[in-house]
Amino acid sequence: PGSVARFVDGVSCRPSVVQDGIAWTLDLPRGRSAAARVVLAWDALRVSSPGRLRPCANPECRRFLVDHSKSNSARWCSMAICGNRMKARRHYERTRQPGGSAR
């Protein structure tokens, strides 16, 4: 909690009455609005889709994914990039013989 607190310090929501109800306006500190918006969007995803937001399973990747799969089993941020790399790496490790030569 403390590590993201600095990004949302000074953020507030201001209500205003509009024709069909109440509208909320986000008041953001100057110079930190992008970071504050990212943290707020991250938290909204965490709340609306619990367990669906997680880091990519590729240890070299710094991205996160929102798992939309029915079984909640997605592993990579992108199958085309990280998924293929990890599968190719596992295949290479399975098929190479000790000593470095492939069969």
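Helices here are DSSP runs of H or I at least four residues long, and strands are runs of E at least two long, numbered from the N terminus. With that in hand, reading along the sequence of this predicted model gives the pattern α-β-β-α-β-β-α for the protein chain. That makes three helices and four strands.

**Overall build**

So how does the chain fill space? Its radius of gyration is 21 Å, well over the 13 Å that the globule rule gives for 103 residues, so the chain is more spread out than a compact globule. The C-alpha trace tells its own story, spanning about 70 × 30 × 20 Å along the principal axes. Buried residues account for 14% of the 103 residues. Take the contacts between residues at least 6 apart in sequence, and 17% of them join residues at least 24 apart.

On the outside, the accessible surface comes to about 8,100 Å², and carbon and sulfur atoms own 55% of that. As for charge, the chain carries 19 positive and 7 negative charges, and the mean positions of the two sets sit 11 Å apart.

**The core around Trp 76**

In soluble globular proteins, nonpolar side chains tend to be buried together. Which residues make up the largest nonpolar core in this chain? There are five: Cys 56, Cys 61, Trp 76, Cys 82 and Met 86.

Trp 76 is worth a click in the viewer. Setting aside neighbours within four places in sequence, Trp 76 is in contact with Cys 56, Cys 82 and Met 86, among others. The rest of its contact list is Ala 57, Asn 58, Leu 65, Gly 83, Lys 87 and Arg 90.

**Two partly exposed residues**

Here are two residues side by side, with where they lie and how accessible they are.

| Residue | Location | Relative accessible area |
|---|---|---|
| Asn 72 | loop between strand 4 (64-66) and helix 3 (79-95) | 30% |
| Ser 16 | strand 1 (residues 12-18) | 28% |

Partly exposed covers the range between under 20% (buried) and over 50% (exposed), so Asn 72 at 30% counts as partly exposed, and Ser 16 at 28% does too.

Now for the backbone. Most residues other than glycine have a negative phi. Asn 72, though not a glycine, has a positive phi of about 55 degrees.

What does Ser 16 touch, leaving aside its neighbours within four places in sequence? Ser 16 is in contact with Gly 21, Ile 22 and Ala 23.

Notes
Residues are numbered from 1 along each chain as its sequence is written. This is a predicted model: local features need pLDDT of at least 70, side-chain atom pairs count only at pLDDT 80 or more; totals for chains, interfaces and linings use all residues. Side-chain values use heavy atoms; hydrogens and water are left out. The radius of gyration is taken over C-alpha atoms; the globule rule is 2.2 Å times the number of residues to the power 0.38. Buried means under 20% relative accessible area, exposed over 50%, partly exposed in between (1.4 Å probe, protein chains only). Contact means heavy atoms within 4.5 Å. Accessible areas come from the Shrake-Rupley method with a 1.4 Å probe; for residues, only the protein chains shown count as cover. Lys and Arg count as positive and Asp and Glu as negative; His and the chain ends are not counted. The place of a charge is taken as NZ of Lys, CZ of Arg, CG of Asp or CD of Glu. A nonpolar core is a set of buried Ala, Val, Leu, Ile, Met, Phe, Trp, Tyr and Cys residues joined through side-chain atoms within 4.5 Å.
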